[in-house]
Amino acid sequence: KAVVSTQSGHYGRGYFFILAMKFSNVLALVAVVALTAAWSGLLHQHVKISVPTHMIVGEGGDLAFRFKVMSHNETITINATYLQVTKVSGNGTDEEVPFAYTLTPKMKNETGDSPRIMGYVGKVNEKNVTCELQGKYALRYGSPEKKRKQRKFRIRVRGCPKH
């Protein structure tokens, strides 16, 4: 409600106070929405996934490679539960990977703070490779509810029919 001053014909202080409060509430809501959108974008921009894109190994041979999921932004800590490696089948569904991998956290200790996990290095060492290993894979990082960042790679096993 506006309070009108009879002396000068202008609105009183109470009106501007209420208007300022409403404006600050709207501004706070806009800020929350903008920060949520920015955080989503930050995760996508500041998380880097590195993996060889194409690997070739002979049937019965050994396959060894490493992959990384890293953040160089000090506000983002990498969470291992958001990391997923899947085999992409021909019909578009994801399957579990037919190989084991280990994850080693890479820590950064900021001055006076507790260490922050800035990323993970994954290591694959598969002995006596079979044709089952051949195919396309996806390495994804992010919450399953949101769009996740991903890198795809392929493993070709010599001596096996191409899919």
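Helices (H or I, at least four residues) and strands (E, at least two) are DSSP runs, numbered from the N terminus. Keep that handy for the tour. You're looking at a predicted model, where local features need pLDDT of at least 70, side-chain atom pairs count only at pLDDT 80 or more, and totals for chains, interfaces and linings use all residues. Residues are numbered from 1 along each chain as its sequence is written, and side-chain values use heavy atoms, with hydrogens and water left out.

**The whole chain**

Start with a cartoon view of the protein chain. You should find 1 helix and 9 strands, and walking along the sequence gives α-β-β-β-β-β-β-β-β-β. Now switch on the surface: the accessible area is about 11,100 Å², with 57% of that belonging to carbon and sulfur atoms. Accessible areas come from the Shrake-Rupley method with a 1.4 Å probe, and for residues only the protein chains shown count as cover.

How much of the chain is buried? Of the 163 residues, 28% are buried. Here, buried means under 20% relative accessible area, exposed means over 50%, and partly exposed is in between (1.4 Å probe, protein chains only).

Contacts (heavy atoms within 4.5 Å) are worth a glance too. Taking those in the chain with a separation of 6 or more, 60% are between residues 24 or more positions apart.

**Stop 1: strand E9**

Select Arg156, which sits in strand E9. Leaving out residues up to four places away in sequence, Arg156 touches His54, Met55, Ile56, Val57, Gln134 and Lys162. Pick Met55 from that group: its C-alpha atom is 6.1 Å from that of Arg156, although the two are 101 residues apart along the chain.

Stay in E9 (residues 149-158) and click on Arg151. Arg151 has 39% relative accessibility, so it counts as partly exposed. Add Lys48, Arg66, Lys68, Lys106 and Lys123 to your selection, and together with Arg151 you have a positive surface patch. Patches are made of residues with over 30% relative accessible area and no salt bridge; like charges are joined within 9 Å, and nonpolar side chains (Val, Leu, Ile, Met, Phe, Trp, Tyr) within 5 Å.

**Stop 2: the salt bridges**

There are 2 salt bridges in the structure. The term means a side-chain nitrogen of Lys or Arg within 4 Å of a carboxyl oxygen of Asp or Glu.

For one of them, select Asp62 and Lys127, whose closest N and O atoms are 4.0 Å apart. Why does this pair tie together parts 65 residues apart in sequence? Because Asp62 lies in the loop between strand E2 (54-58) and strand E3 (63-71), while Lys127 lies in the loop between strand E7 (116-126) and strand E8 (135-141). Lys127 is exposed, at 56% relative accessible area.

Next, select Asp94 and Arg140, where the closest N and O atoms are 2.9 Å apart. This pair links distant parts of the chain, with Asp94 in strand E5 (residues 94-96) and Arg140 in strand E8, 46 residues apart. Is Arg140 buried or exposed? Arg140 is buried, at 12% relative accessibility, while Asp94 is partly exposed at 36%.

**Stop 3: Glu96 and Asn128**

In strand E5 you can also select Glu96, which is exposed at 74% relative accessibility. Draw a distance from its C-alpha atom to that of Tyr137, 41 residues away along the chain, and you get 9.8 Å.

Finish in the loop between E7 and E8, at Asn128. Its phi is near 50°, a positive value in a residue other than glycine. Most residues other than glycine have a negative phi. Asn128 is exposed, with 53% relative accessibility.

Key:
Lys, Arg positive; Asp, Glu negative; His and termini not counted. Charge placed at Lys NZ, Arg CZ, Asp CG, Glu CD.
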